[in-house]
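Let's take a walk through a protein model together, one piece at a time. Keep the picture handy so you can find each part as it comes up.

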Amino acid sequence: MSSLFPEDDLATHYLDQIGDWQDPYPTPLIEIHHGIHIVRDDVLNAGTKVRGADYLIGHDPRYAHIREWVYGSCPATGYAQISLPTVCARYQKQAVLFMAQRRLDALHPYQQRGIDAGADVRWVPSGMLSVTQARAREYVAESPTTRMLLPMGLDHPTVSGSFIRVARNIPLAPRYVWSVGSSGTLNRALQLAWPDAEVHVVSTGHQMTEHEIGRAQFHRSPYAWKQAVPVQERPPFPSAVEYDAKAWMPMLNWYRTIRPVNSGDVLFWNVGA
């Protein structure tokens, strides 16, 4: 993980960004399936990112004046479009999302859930990622004192610090940690939360960069970015079929060869469903 700080110091640096903040959401539910401890953040109904974004949107004094939190990096299958309006509603803010245009009768279910949660979606014709990001930047530039642009994957020090604190509050010290990765923000935070753990990341269908991977062992999903995992390969708990579920079979096949002895050795972070 490339950084100006050693890994332990980087975790401390991120934690310092959030002061004494404590996660307002329920303590992560952990279940055991096939010997693997599963963090069931699907039960939040808005995904793990609500934990990560809570301090930034609701408590960071540097941004108390911000009324609109703007994001232009969310695909149709992404969970940020649900998490961001959920957190914004909690603090009387507005989530504004710039997304590739779709017919309203052909929305991905997550897009509809985001709209239902209060997202102000600005549909962008021919909305490639670079275009939606550009439109989001332009929108923020129109009123920079009241609008703030969120980085891709919510890759922000306070978000990483929040994830680290949530992870360290879990009563486990796993030797092996798995999650999927797109931007890799959560997985890199887990690398910092448990610096002695062997961390694995499964891409959601694209080649992650060295920065996004950090020190994790990288596994590329055989399924394309927007492709759902076949029913027979899905985990025995609710999991996003175009996202988290892509880690289940690679992790299970690996687990069958490793067979850790101690209960609690392996943890999988299920972001949503």
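We'll start with a helix and its neighbours, then visit a loop, and finish with some charged pairs.

Before anything else, keep in mind that what you're looking at is a predicted model.

Find helix α2, which runs over residues 49–58. How many of its 10 residues are buried? Nine of them are, so you can think of α2 as mostly covered. The buried ones are Lys49, Val50, Arg51, Gly52, Ala53, Asp54, Tyr55, Leu56 and Ile57. Notice that charged residues turn up in that list too, with Lys49, Arg51 and Asp54 among them.

What packs against α2? One partner is helix α6, residues 157–168. The axes of α2 and α6 are 8 Å apart and meet at an angle of about 125 degrees. That makes α2 oblique to α6, because 125 degrees is neither in the 65 to 115 range that counts as roughly perpendicular nor over 145, where roughly antiparallel begins. The crossing of these two helices is right-handed. On the α2 side, the contact is made by Lys49, Arg51, Gly52, Tyr55 and Leu56. From α6 come Thr158, Val159, Ser162, Phe163 and Val166. Sort the residues of this contact by class and you get five nonpolar, three polar and two charged.

Now turn to another partner of α2, helix α3, which covers residues 80–90. Here the axes lie 9 Å apart, and the angle between α2 and α3 is about 40 degrees. Angles under 35 degrees would count as roughly parallel, so this pair is oblique as well. α2 passes α3 in a right-handed crossing. For this contact α2 supplies Lys49, Val50, Ala53, Asp54 and Ile57. α3 answers with Ala80, Ser83, Leu84, Thr86, Val87, Cys88 and Arg90. By class, the contact of α2 with α3 holds seven nonpolar, two polar and three charged residues. Did you spot Lys49 in the list for α3? Lys49 belongs to the α6 contact too.

Next, step into the loop between strand β3 (68–71) and α3, where you'll find Thr77. Is Thr77 buried or exposed? Its relative accessible area is 12%, and since anything under 20% counts as buried, Thr77 is buried. Leaving aside neighbours within four places in sequence, Thr77 is in contact with His108, Tyr110, Trp225 and Glu242.

Last stop: the salt bridges. The model has 12 of them. One joins Arg40 to Asp42, with the closest N and O atoms 2.7 Å apart, and both of these residues are buried. Another links the side chains of Arg122 and Asp120, at 2.9 Å from N to O. Arg122 has a relative accessibility of 29%, so it counts as partly exposed. Asp120, at 25%, falls into the partly exposed class too.

Arg147 and Glu142 make a bridge with a mixed setting, their N and O being 3.4 Å apart. Arg147 is buried, with a relative accessible area of 14%, whereas Glu142 is exposed at 62%.

Finally, Asp23, Asp41 and Arg51 are linked in a network of salt bridges. That brings us back to α2, as Arg51 is one of its buried residues and takes part in the contact with α6.

Technical notes:
Residues numbered from 1 in each chain as written. Predicted model: local features only at pLDDT ≥ 70, side-chain atom pairs only at ≥ 80, totals over all residues. Heavy atoms only, no water. Salt bridge = Lys/Arg side-chain N within 4 Å of Asp/Glu carboxyl O. Buried < 20%, exposed > 50% of the residue type's maximum accessible area, 1.4 Å probe, protein only. Axes fitted to C-alpha atoms, helices over the stretch in contact; angles between N-to-C directions. Helix = DSSP H or I, 4+ residues; strand = E, 2+ residues; numbered from the N terminus. Left-handed = near helix turned anticlockwise from the far one by under 90°. Contact = heavy atoms within 4.5 Å.
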